[in-house]
Amino acid sequence: MKQFEYTITDELGIHARPAGLLVKKAGEFASTVTIDNGQKKADAKKLISLMMLAVKMGQTVKFIIEGADEDKAAAVLETFMKENL
């Protein structure tokens, strides 16, 4: 299991466009990708689940990645977050 935390810097939080891109990126991996906002958890491969977290700017989320390609998935997703959110 791999984990990392990321604080959202986008002024709109995790909104529709980057959420859709994040779902696509997470879907590239066999590993399960869960995002925890401290109150709820969401499957990062499901757009509705991700949007239900309602993550705002300044909130920190934890990514929990488990599976065969978890090392690569964690590295790619952390880079994605830094570049997009």
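What follows is a friendly exchange about the charged residues and overall build of a predicted model.

Student: Which pattern does the protein chain follow when read along the sequence?
Tutor: Happy to start there. The secondary structure comes to three helices and four strands. Read along the sequence, these elements give the pattern β-α-β-β-α-β-α.

Student: What is the radius of gyration of the protein chain, and what does the globule rule give for 85 residues?
Tutor: Let's begin with the box: the C-alpha atoms fill roughly 35 × 25 × 20 Å along the principal axes. For 85 residues the globule rule gives 12 Å, and the chain comes close to that, so it is as compact as a globular protein of that length. The radius of gyration is 11 Å, against 12 Å from the rule.

Student: How much of the contact set with a separation of 6 or more comes from residues 24 or more positions apart?
Tutor: Some background on burial helps: buried residues make up 39% of the 85 residues. The accessible surface is about 4,800 Å², with 52% of it belonging to carbon and sulfur atoms. As for the contacts with a separation of 6 or more, the share from residues 24 or more positions apart is 73%.

Student: Which residue does D71 meet in a salt bridge?
Tutor: The structure holds three salt bridges, and in this one the N to O distance is 3.3 Å. D71 lies in helix α3 and its partner in strand β1 (residues 2-7), so the pair ties together parts that are 69 residues apart in sequence. The partner is partly exposed, with a relative accessible area of 34%. The residue you asked for is K2.

Student: How far apart are the closest N and O atoms of K25 and E28?
Tutor: Take each side of the pair in turn. K25 is partly exposed at a relative accessible area of 24%, whereas E28 counts as exposed at 52%. A salt bridge needs the nitrogen within 4 Å of the carboxyl oxygen, and here the closest N and O atoms are apart by 3.6 Å.

Student: Which residue shares a salt bridge with K82?
Tutor: K82 is exposed, with a relative accessible area of 57%, and its partner is partly exposed at 28%. The two are four residues apart in helix α3, which means a separation of about one helical turn. Their side chains meet at 4.0 Å, N to O, and the partner is E78.

Student: Which side chain of opposite charge is nearest to E70, and how far away is it?
Tutor: E70 is found in helix α3 (residues 70-84), and E70 is buried yet has no salt bridge. Residues touching E70 include S31 and I65. A polar atom of the E70 side chain also lies 3.0 Å from the backbone nitrogen of M1. The nearest side chain of opposite charge is K2, at 6.3 Å.

Student: Why does D36 have no salt bridge, given K41 as the nearest side chain of opposite charge?
Tutor: D36 lies in strand β2 (residues 32-36) and is buried. Among the residues it touches are K41, T60 and V61, and a polar atom of the D36 side chain lies 2.7 Å from the backbone nitrogen of G38. A salt bridge has to fall within 4 Å. The K41 side chain does not qualify because its distance from D36 is 4.3 Å.

Key: Residues numbered from 1 in each chain as written. Predicted model: local features only at pLDDT ≥ 70, side-chain atom pairs only at ≥ 80, totals over all residues. Heavy atoms only, no water. Buried < 20%, exposed > 50% of the residue type's maximum accessible area, 1.4 Å probe, protein only. Lys, Arg positive; Asp, Glu negative; His and termini not counted. Polar contact = N/O pair within 3.5 Å; in protein donor to acceptor, adjacent residues only side chain to side chain. Contact = heavy atoms within 4.5 Å. Rg over C-alpha atoms; globule rule 2.2 N^0.38 Å. Areas by Shrake-Rupley, 256 points an atom, 1.4 Å probe, with all protein chains shown as cover. Lists of a residue's contacts leave out its neighbours within four places in sequence.
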